[in-house]
Amino acid sequence: MKGNVLESIIGAVVLIVAVFFIYFAYVSSGEKIKEGYVITARFDDVSGLAAGSDVKMNGIKVGIVKSLRLDENYQAKIELLIKDSIKIPTDSSLSITTDGLMGNKFVSIAAGFSDEKLKPNEEVELTRSAVNLEKLIDKFALGGDSKKED
């Protein structure tokens, strides 16, 4: 009987600690952006990017990727939901980058210097696609050219 009570107390403590960690993970998972304005951009390759991925400017989260789809020219067209308080210059550029070597992909905004700001539903013209690590390794392994010529 005494062992069962002790096991029950230890089990309850473990359960409480597990709930605390789940709550802490949820709270610290980052700012949730639900309102803002949408801008679009086109990329040749968005490998590893997904709806809900972060949009960052100077390392600070300013939005999320709202959606990804192919356009009529088979380019990836993405919609970004940007916080209302962030105004992006029209000559800014977007790139898809990674948090560290094996981290999550996100869209990085390099702010331009224009006094004009992007309006809702406008498209960013200057973009740089994701770097595909597998293609780079393939090029390196084959001596700089991934296509063998006869």
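Begin by selecting V62 in this predicted model, and display the residues that V62 touches: I33, V55, K56, M57, L81, I82, K83, I86 and I109, leaving aside residues up to four places away in sequence. Next, colour strand β3, residues 60-70, in which V62 is found.

Is V62 buried or exposed? Its relative accessible area is 5%; V62 therefore counts as buried, since that term applies under 20%.

Keep V62 selected and add L81, one of the residues it touches. The two stand 19 residues apart in sequence, and their C-alpha atoms are 8.6 Å apart in space.

Now widen the view to the sheet. Eight strands form an open sheet with mixed pairing, in the order β7-β1-β4-β3-β2-β6-β5-β8. Select β7 (123-124) and β8 (126-128), which stand at the edges. Each has a single partner strand, so one side of each is left without a neighbour in the sheet.

Return to the interior of that order and select strand β2, residues 54-57, together with strand β6, residues 105-110. In which sense do β2 and β6 pair? They pair in the parallel sense, over three bridges. Within this pairing, select K56, which stands opposite S108 in β6.

Stay with K56, which is also among the residues touched by V62, and show its side chain and that of F106. The charged end of K56 sits over the ring of F106, 4.6 Å from the centre of that ring.

To close the tour, turn to the aromatic rings. How many aromatic pairs does the structure hold? The structure holds one.

Terms used: Residues numbered from 1 in each chain as written. Predicted model: local features only at pLDDT ≥ 70, side-chain atom pairs only at ≥ 80, totals over all residues. Heavy atoms only, no water. Helix = DSSP H or I, 4+ residues; strand = E, 2+ residues; numbered from the N terminus. Buried < 20%, exposed > 50% of the residue type's maximum accessible area, 1.4 Å probe, protein only. Contact = heavy atoms within 4.5 Å. Phe/Tyr/Trp six-rings, centres within 6.5 Å; stacked < 30°, edge-to-face > 60°. Lys NZ or Arg CZ within 6 Å of the ring centre and 35° of its normal. Pairing = 2+ DSSP bridges.
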